[in-house]
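Please give me a tour of this model in the viewer, one selection at a time. For each stop, say what to select and what is found there.

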Amino acid sequence: MPDINIPEHLAIIMDGNGRWAKNKGLPRVLGHKKGAEVVRDIVKHTSQLGVKYLTLYAFSMENWLRPKKEVSFLMGLLEDYLQKEVVELGKNNVRLVISGRTHLLPEKTANIMDEAISKLADNNGMVLNLAISYGGRSEIVDAAKKMAELAIQGEIELSKIERDEFGQFMYNPEIPDIDLLIRTSGEIRISNFMLWRVAYSELYFTDCLWPDFDEKIIDNAFIEYSKRERRFGMTDEQLADDNG
Ligand code: IPE
Ligand code: IPE
Ligand code: MG
């Protein structure tokens, strides 16, 4: 793809699995199953394009409120994905990290996750950040608690805490802000996703349901992203000066 800006950090809200299944007269969980297969292709494609960080919203804090059966199916699917894909992820030089309140995960899921993380720990290609048991507000609350803890112990001075210092308390703080956020399924909302890192993200919404998502939609989103002018509050003249 000529003249395409590849976002350093791409994030995707993978939505619409249930509706995809319903449209076909299938149980919701089969939509999740198909959705997990799509993840494989998208991870490969984005790492080949040179994306450095790919964050996928796989399970939100609010998703814990879904029927028990659906939640356990999703946990099982995550276990299957991590066990089956670890070889392929390794071949693609992908490193795995998780963002979220992972202490809420069933023990078996957490163990499989830790195993996959350590198997891929030495890779230096794309970082795959799975947002699991993740809430944007929970992340900010957790960050504030970590910071308060250090302040109480006298290890940090609150007067020295500004935006960047506070950002260091987020989950996986080495991961930069999101450059491009894609949401599938036609919903035009954020649903408590990465509230801190989405502050100046470019947003791309598609009606495509996640199980029907493919590489072409990524390519189109990148073409659209390349045409956007990211001003970060400045004027376009200032940006032209910076670039010249
Ligand atoms: C996204 O698909 C997957 C998760 C939230 C786990 P949904 O299950 O939300 O599918 P819809 O939105 O009901 O179609
Ligand atoms: C957001 O989708 C969470 C994930 C994709 C994991 P939801 O389907 O849970 O979001 P809402 O409820 O439609 O906002
Ligand atoms: Mg949904």
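## Salt bridges along the chain

Start with glutamate 157 and lysine 160, whose side chains meet in a salt bridge with an N to O distance of 3.3 Å. The model is a predicted one, and side-chain atom pairs count only at pLDDT 80 or more. Colour the two residues by accessibility. Glutamate 157 has a relative accessibility of 46% and so counts as partly exposed. Lysine 160 reaches 56%, which makes lysine 160 exposed.

Next, select glutamate 115 and lysine 119. Both belong to helix H4 and sit four residues apart, about one turn of the helix. Their closest N and O atoms are 3.6 Å apart, and the two residues form a salt bridge. Glutamate 115 is partly exposed because its relative accessibility is 47%, and lysine 119, at 55%, counts as exposed.

Is the salt bridge between arginine 101 and aspartate 142 made by buried or exposed residues? Select both. The closest N and O atoms of this pair are 2.8 Å apart. Arginine 101 comes from the loop between strand S3 (95-99) and helix H4 (107-119), while aspartate 142 is in helix H5 (residues 136-152); the pair thus links distant parts of the chain, 41 residues apart. Arginine 101 and aspartate 142 are both buried.

Now show Asp15, Arg19, Arg183, Glu187 and Arg189 together. Salt bridges link these five residues in a network. The count for the model comes to 18 salt bridges. In general, side chains of opposite charge can pair when their charged atoms come close.

## Strands S5 and S6 and a nonpolar patch

Move to strands S5 (180-183) and S6 (202-205). The two strands run parallel and are joined by four bridges. Pick leucine 181 and look across to S6, where leucine 203 stands opposite.

Which residues of S6 are on the covered face, and which on the uncovered one? Glu202 and Tyr204 make up the covered face, and Leu203 and Phe205 the uncovered one. Side chains in a regular strand alternate between the two faces of the sheet.

Keep Leu203 and Phe205 selected and add Ile188. Together, Ile188, Leu203 and Phe205 make a nonpolar surface patch of about 260 Å². Isoleucine 188 is found in the loop between S5 and S6. With a relative accessibility of 60%, isoleucine 188 counts as exposed.

## The largest pocket

Switch on a surface and find the largest pocket, which has a volume of about 750 Å³. The lining consists of 31 residues, and those closest to the centre of the pocket are Met14, Asn17, Tyr57, Ala58 and Asn63. Select these five residues to place the view.

Which helices and strands each supply at least two residues of the lining of the largest pocket? They are helix H1 (17-23), helix H2 (28-49), strand S2 (53-60), helix H3 (68-91) and strand S4 (127-134).

## The cavity

How many cavities of 30 Å³ or more are there? The count comes to one. The volume of the largest cavity is about 30 Å³. To see its lining, select Arg40, Val43, Lys44, Tyr81, Glu85, Glu88, Leu89 and Asn92. H2 and H3 are the elements that give two or more residues to this lining. H3 gives the largest share of the lining, four residues.

## Two residues with positive phi

Go to asparagine 93, in the loop between H3 and S3. Its phi is near 60°, a positive value in a residue other than glycine. Asparagine 93 has a relative accessible area of 27% and is therefore partly exposed.

The last stop is phenylalanine 232. This residue lies in the loop between helix H7 (215-227) and helix H8 (236-243). Phi of phenylalanine 232 is near 50°, again a positive value in a residue other than glycine. Is phenylalanine 232 partly exposed or buried? At 42% relative accessibility, phenylalanine 232 counts as partly exposed, because that class covers the range between under 20% for buried and over 50% for exposed.

Terms used
Residues numbered from 1 in each chain as written. Chains lettered and ligands numbered in written order. Predicted model: local features only at pLDDT ≥ 70, side-chain atom pairs only at ≥ 80, totals over all residues. Heavy atoms only, no water. Patch = residues over 30% accessible without salt bridge, like charges linked within 9 Å, V, L, I, M, F, W, Y side chains within 5 Å. Areas by Shrake-Rupley, 256 points an atom, 1.4 Å probe, with all protein chains shown as cover. Salt bridge = Lys/Arg side-chain N within 4 Å of Asp/Glu carboxyl O. Buried < 20%, exposed > 50% of the residue type's maximum accessible area, 1.4 Å probe, protein only. Pairing = 2+ DSSP bridges. 1 Å grid on protein atoms, 1.4 Å probe; cavity = no way out; pocket = protein on both sides within 12 Å on 5 of 7 lines; lining within 4 Å. Points joined across faces, edges and corners; volume = space filled by probe spheres on them.
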